[in-house]
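Work through the exercises below with the sequence and the model side by side, and try each task before reading its solution.

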Amino acid sequence: MECIFCKIVNEEIPSKAVYKDDFVYAFYDIAPKAPVHILIVPKKHIVSIDEFKEEDNALLLRMFDVARQIAKRKGINETGYRLVLNTGKDAGQTVFHAHMHILGGDTLTDLG
Ligand code: 5GP
Ligand code: ZN
């Protein structure tokens, strides 16, 4: 499987873990764009949020749940944080294994 995030999930490529369970893995982004920049990925390979099926709804909810937990653990739940799901090329998605960015720890610039 030539997917960089599958390799990270399978520990073939090292990463700095933040959270893991049977379905979801979270790790620090290699090129942080904010003081806190963490990625949450489903362990199973799904290309993007656009490819989630109804049977993946519980997984999607879990990703949001994990995001909230991480925000709290990193102390940005009260100052605020942004969850980003770049979907497809026009959105700038560069890794085609769905992932949620958690960004926070400073005032974030406006989108668009
Ligand atoms: P996208 O632009 O697809 O939404 O975001 C992909 C993110 O993955 C980027 O923020 C990039 O820095 C991060 N990334 C790419 N390769 C690696 C890697 O090998 N390790 C880690 N930790 N992050 C990566
Ligand atoms: Zn993958």
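**Exercise 1.** Determine how many helices and strands the protein has, and in which pattern they follow one another.

*Solution.* Counting DSSP runs (H or I over at least four residues for helices, E over at least two for strands, numbered from the N terminus), one finds 2 helices and 5 strands in the protein. Reading along the sequence then gives the pattern α-β-β-β-α-β-β. The model is a predicted one, in which local features need pLDDT of at least 70 and side-chain atom pairs pLDDT 80 or more, whereas totals for chains, interfaces and linings use all residues. Residues are numbered from 1 along each chain as written, chains are lettered from A and ligands numbered from 1 in the order written, and side-chain values use heavy atoms, without hydrogens and water.

**Exercise 2.** Establish which residues surround ligand 1 and which classes they belong to.

*Solution.* Taking residues with a heavy atom within 4 Å of the ligand, one obtains 17 residues, the closest being Tyr 28, Asp 29, Thr 94, His 99 and His 101. The largest share of this shell, 3 residues, is supplied by helix 1.

Sorting by class (Ala, Val, Leu, Ile, Met, Phe, Trp, Tyr, Cys and Pro as nonpolar, Asp, Glu, Lys and Arg as charged, the others, Gly among them, as polar), the shell has 9 nonpolar, 6 polar and 2 charged residues.

**Exercise 3.** Find which polar contacts (pairs of N or O atoms within 3.5 Å) ligand 1 makes with Tyr 28 and Asn 86.

*Solution.* At Tyr 28, a polar backbone atom is 2.9 Å from a nitrogen atom of ligand 1. At Asn 86, a side-chain N or O atom lies 2.9 Å from an oxygen atom of ligand 1.

Note on methods: Polar contact = N/O pair within 3.5 Å; in protein donor to acceptor, adjacent residues only side chain to side chain.
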